[in-house]
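The following exercises concern the structure shown below. Please attempt each task before reading its solution.

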Protein chains: 2
Amino acid sequence: MTAVRESAAKSRPRSRRGEGETLREDLLAATEELMIKTGSADAVSIRAIADAVGVTPPSIYLHFADKSSLILAVCERHFEVFDSIIEEAGRSTGDPVESLRRRGRAYVRFGLENPEPYRILFMTRAEGARQYDVLVGAGGRAFQHLVDAVQRCIDAGAFRPVDAVLAATGVWTAVHGVTSLLISLPGFPWPDVDALVDHVCDIEIRGLNEPVPELQGGAS
Amino acid sequence: MTAVRESAAKSRPRSRRGEGETLREDLLAATEELMIKTGSADAVSIRAIADAVGVTPPSIYLHFADKSSLILAVCERHFEVFDSIIEEAGRSTGDPVESLRRRGRAYVRFGLENPEPYRILFMTRAEGARQYDVLVGAGGRAFQHLVDAVQRCIDAGAFRPVDAVLAATGVWTAVHGVTSLLISLPGFPWPDVDALVDHVCDIEIRGLNEPVPELQGGAS
DNA sequence: GACGATGACTTATCACTGATAACTCACTCC
DNA sequence: GGAGTGAGTTATCAGTGATAAGTCATCGTC
């Protein structure tokens with residue numbers, strides 16, 4: 001019987017000396033493909049990955065410490081793209097407030113288009129090394145980009161002079177809230193997604209708005 | 001060797017006729033305890049649960065279809081309490097806006113105090129039966145309670161006359177965003193949690209505020 | 001050009017997981 | 001007192017992540 005699983009490569013030629021890295025790349029690619037196909041990281045097994053690449057399970061451990069390291073490596077690749085896409089969306093306009101809104105839209109869209117990496121990066125408990133790596137590395141940079149974007153709104157006088165880090169954290173949690181619930185509960189009777197995202201951005205922007213000083217009976 | 005695992009009850013007396021439900025209750029209690037102790041539903045195994053109760057693994061399947069049904073049953077119990085705690089917090093004041101703020105605080109606090117049930121209910125992909133049960137049942141009621149709370153703010157003239165369902169959805173995603181990120185990334189350099197939650201509530205409330213009609217130069 | 005070293009991988013196996021089929025036991029009711 | 005059944009057990013399965021130890025080809029060296 002020997003179920004053929006699905007791989008094309010029944011067995012792959014052993015890499016030459018010094019070319020071990022090629023297997024590592026192939027493993028990442030195969031894992032990503034399987035994750036997208038199955039829609040869940042738990043659903044892809046070490047054996048399935050090994051089969052897809054045409055190699056035996058233990059050889060995976062020559063390149064990754066364990067399964068979660070492999071999965072995380074795949075997700076971190078997405079994260080780099082994540083940050084750059086958001087930055088690009090933010091740079092597509094000169095108005096800082098509109099820029100922030102576009103960042104928010106891009107964030108949600110990316111999360112919905114890459115639900116499993118998003119889930120792994122932001123919706124599962126991070127511990128130890130992973131926490132440090134992701135948060136201090138690419139994650140830290142991405143968050144700083146958001147803080148800067150908020151600061152620009154403050155500097156432009158569009159937002160009250162709040163603590164930019166606190167405000168940025170609030171913005172992040174807001175867009176994450178929509179993204180993550182849409183991913184987790186696809187069966188909930190959600191309003192139109194675009195309308196919801198726009199509403200969330202509206203609330204955030206209005207909430208951080210400089211209020212017109214009407215209470216003091218300002219002049220002119 | 002036979003590792004003793006940890007249970008006290010080495011074996012439990014077989015239930016009498018008609019008392020099968022007692023095992024079901026014991027299973028729920030033991031599972032909840034193990035979930036709290038290990039902090040993760042995956043970390044508690046069918047065998048560990050069976051051991052803790054003093055029974056063999058297959059007997060669990062006489063009371064629950066599979067492991068996830070058992071876990072979900074534990075979480076749904078929490079959900080009932082969740083809703084009632086939020087309702088209670090909301091009723092503790094007459095001011096609808098302050099009431100909404102208290103609901104938000106209670107929501108986040110409950111999530112942080114029961115991270116694993118929260119994770120399972122709101123942070124893992126829900127499918128099929130579970131989706132239907134939780135969303136249409138207790139979840140539907142809880143959400144309706146939130147919509148009502150928002151509507152009261154609108155009726156009181158404290159919020160603009162927005163779509164109450166859309167606004168409630170936004171409020172939910174906002175408090176969920178904080179809760180879920182705090183659970184997932186405990187190592188992130190978060191601001192003070194209370195300050196963050198208050199800030200998120202502030203933004204939401206200000207964002208939904210009735211703007212003083214200064215642009216039209218309103219009368220009186 | 002034989003030879004030890006080593007990079008790249010395989011074979012065999014472990015401990016564990018959720019789950020099922022088939023059996024046993026004790027009690028109840030007729 | 002025997003059939004029926006509720007309540008649980010024994011034995012076992014297929015699959016999981018992971019490891020120890022072996023194989024095999026290639027490289028650098030003498």
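**Exercise 1: The contact between the chains**

Task: Describe the side of chain B that touches chain A.

Solution. Step 1: the contact takes 35 residues from chain B and 35 residues from chain A, two residues being in contact if their C-beta atoms, placed from the backbone, lie within 7 Å. This is a predicted model, in which local features need pLDDT of at least 70 and side-chain atom pairs pLDDT 80 or more, while totals for chains, interfaces and linings use all residues. Residues are numbered from 1 along each chain as its sequence is written, and chains are lettered from A and ligands numbered from 1 in the order in which they are written.

Step 2: α6 (128-136), α8 (164-184) and α9 (193-208) of chain B each supply at least two residues of this side; helices are DSSP runs (H or I, at least four residues), numbered from the N terminus. The largest share, 13 residues, comes from α8(B).

**Exercise 2: Two packed helices**

Task: Determine how α3 (residues 67-91) and α5 (residues 115-122) of chain A are oriented.

Solution. Step 1: their axes, lines fitted to C-alpha atoms over the stretch in contact, are 9 Å apart at an angle of about 105 degrees. Step 2: α3(A) and α5(A) are therefore roughly perpendicular (65 to 115 degrees). Step 3: the residues in contact include A:Phe79 of α3(A) and A:Leu121 of α5(A).

**Exercise 3: A helix with a buried side**

Task: Which residues of α7(A) are buried?

Solution. Step 1: A:Gly139, A:Ala142, A:Leu146, A:Ala149, A:Val150 and A:Cys153 are buried (20 or more other C-beta atoms within 10 Å of their own). Step 2: these residues cover an arc of only 95 degrees around the axis, which puts them on the same side of α7(A); the arc is that of the directions from the helix axis to the C-beta atoms.

Terms used. Axes are lines fitted to C-alpha atoms, for helices over the stretch in contact, and angles run from 0 to 180 degrees between N-to-C directions. Angles under 35 degrees count as roughly parallel, over 145 as roughly antiparallel, 65 to 115 as roughly perpendicular and the rest as oblique. A residue is buried if 20 or more other C-beta atoms lie within 10 Å of its own, exposed if 12 or fewer, and partly exposed in between; C-beta atoms are placed from the backbone.
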